[in-house]
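Subject: Structure for your review

Dear colleague,

Please find below the structure that I should like to hand over to you. I would be grateful if you could keep it open while reading the notes underneath.

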Amino acid sequence: MYVRRIVPNVQSETLEESARFYGLLGFEEVMNHGWIMTLASTDNPAVQVSFMTDDKTAPVAPDLSIEVEDVDAAYATMRAQGAEIVHPLTDEEWGVRRFFVRDPNGRVVNVLGHG
């Protein structure tokens, strides 16, 4: 399975303050939906961190996002292995297809692909 990127998701009620703070470390805003904001390194755009108040369309806020090349194959693999699916495979209005799965540590992982 090909992984394109991994992004930690930090729950936060202070998105603007987080943007200013991480800006001091060389990050800039690359996405902002109001409830989730992603910052990327200005020198290496694949290095990212997201801050979210909650998740707009899912029952929980994920701890981590992993973008894969084939989200349908990842979903089938997780289901076949009996992993706990927290949020079903869904096409979101902002152009991603994703599902949430719980890892062995209890963390919720957002597995996604761009359409």
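The notes below go through the nonpolar cores, the aromatic pairs, the salt bridges and some surface residues. Please bear in mind that this is a predicted model.

The nonpolar cores

In soluble globular proteins, nonpolar side chains tend to be buried together. Which residues make up the largest nonpolar core here? There are nine: Ile66, Val68, Val71, Ala74, Tyr75, Phe99, Val101, Val109 and Val111. Four elements each give two or more residues to this core, namely β5 (64–68), α2 (71–80), β7 (96–102) and β8 (108–114). The helix α2 gives the most, with three residues. Apart from this core lies another one, of six residues, including Leu15, Phe27, Met37 and Leu39.

Val68, a member of the largest core, is worth selecting in your viewer. Leaving out residues up to four places away in sequence, Val68 touches Met1, Tyr2, Val3, Arg4, Ala74, Val111, Leu112 and Gly113.

The aromatic pairs

A pair of aromatic rings is described by the distance of the centres and the angle of the planes. The count of aromatic pairs in this model is five. One of them is formed by Trp35 and Trp94, with 5.5 Å from centre to centre and 65° between the planes, which makes the pair edge-to-face. This pair links distant parts of the chain, 59 residues apart: Trp35 is in the loop between β2 (27–32) and β3 (36–41), and Trp94 is in the loop between β6 and β7. Is Trp35 buried or exposed? Trp35 counts as buried because its relative accessibility is 11%, which is under the cut-off of 20%. Trp94, with a relative accessible area of 24%, is partly exposed.

Tyr75 and Phe99 form an edge-to-face pair as well, at 5.0 Å centre to centre and with 70° between the planes. Here helix α2, which holds Tyr75, is linked to strand β7, which holds Phe99, and the two residues are 24 apart in sequence. Both Tyr75 and Phe99 are buried, and both belong to the largest nonpolar core. In addition, ring pairs link Phe21, Tyr22, Phe27 and Phe51 into a cluster. Phe27 is also among the residues of the six-residue core.

The salt bridges

How many salt bridges does the count come to? The count comes to eight, and three of these bridges are described here.

Lys56 and Glu93 meet through their side chains, with 3.0 Å from N to O. Lys56 sits in the loop between β4 (48–52) and β5, while Glu93 sits in the loop between β6 (85–91) and β7, so that the pair links distant parts of the chain, 37 residues apart. Lys56 is partly exposed at 48% relative accessibility, whereas Glu93 is exposed at 66%.

Arg97 forms a salt bridge with Asp72, and their closest N and O atoms are 2.8 Å apart. Because Arg97 lies in strand β7 and Asp72 in helix α2, the pair ties together parts that are 25 residues apart in sequence. Arg97 is partly exposed, with a relative accessible area of 25%, and Asp72 is partly exposed at 36%.

Glu84 and Arg102 form a further salt bridge, with the closest N and O atoms 3.1 Å apart. Glu84 is in the loop between α2 and β6 and Arg102 is in strand β7, so this pair ties together parts 18 residues apart in sequence. Both are partly exposed: Glu84 at 43% and Arg102 at 32%. Elsewhere, salt bridges that share partners join Asp55, Glu92 and Arg98 into one network.

Surface residues

Phe21, Leu24 and Leu25 form a nonpolar patch on the surface, and together they have about 380 Å² of accessible area. Phe21 is in helix α1 (residues 15–23) and counts as partly exposed at 47% relative accessibility. Phe21 also belongs to the ring cluster mentioned above.

Finally, Pro59 is found in the loop between β4 and β5. Pro59 is exposed because its relative accessible area of 60% is over the cut-off of 50%. Leaving aside neighbours within four places in sequence, Pro59 is in contact with Val86 and His87. Pro59 and Arg5 are 54 residues apart in sequence and 23 Å apart in space, from C-alpha to C-alpha.

Yours sincerely

Conventions
Residues are numbered from 1 along each chain as its sequence is written. This is a predicted model: local features need pLDDT of at least 70, side-chain atom pairs count only at pLDDT 80 or more; totals for chains, interfaces and linings use all residues. Side-chain values use heavy atoms; hydrogens and water are left out. A nonpolar core is a set of buried Ala, Val, Leu, Ile, Met, Phe, Trp, Tyr and Cys residues joined through side-chain atoms within 4.5 Å. Buried means under 20% relative accessible area, exposed over 50%, partly exposed in between (1.4 Å probe, protein chains only). Contact means heavy atoms within 4.5 Å. A salt bridge is a side-chain nitrogen of Lys or Arg within 4 Å of a carboxyl oxygen of Asp or Glu. Patches are made of residues with over 30% relative accessible area and no salt bridge: like charges are joined within 9 Å, nonpolar side chains (Val, Leu, Ile, Met, Phe, Trp, Tyr) within 5 Å. Accessible areas come from the Shrake-Rupley method with a 1.4 Å probe; for residues, only the protein chains shown count as cover. Rings of Phe, Tyr and Trp (its six-membered ring) pair if their centres lie within 6.5 Å; planes under 30 degrees apart count as stacked, over 60 as edge-to-face and the rest as tilted.
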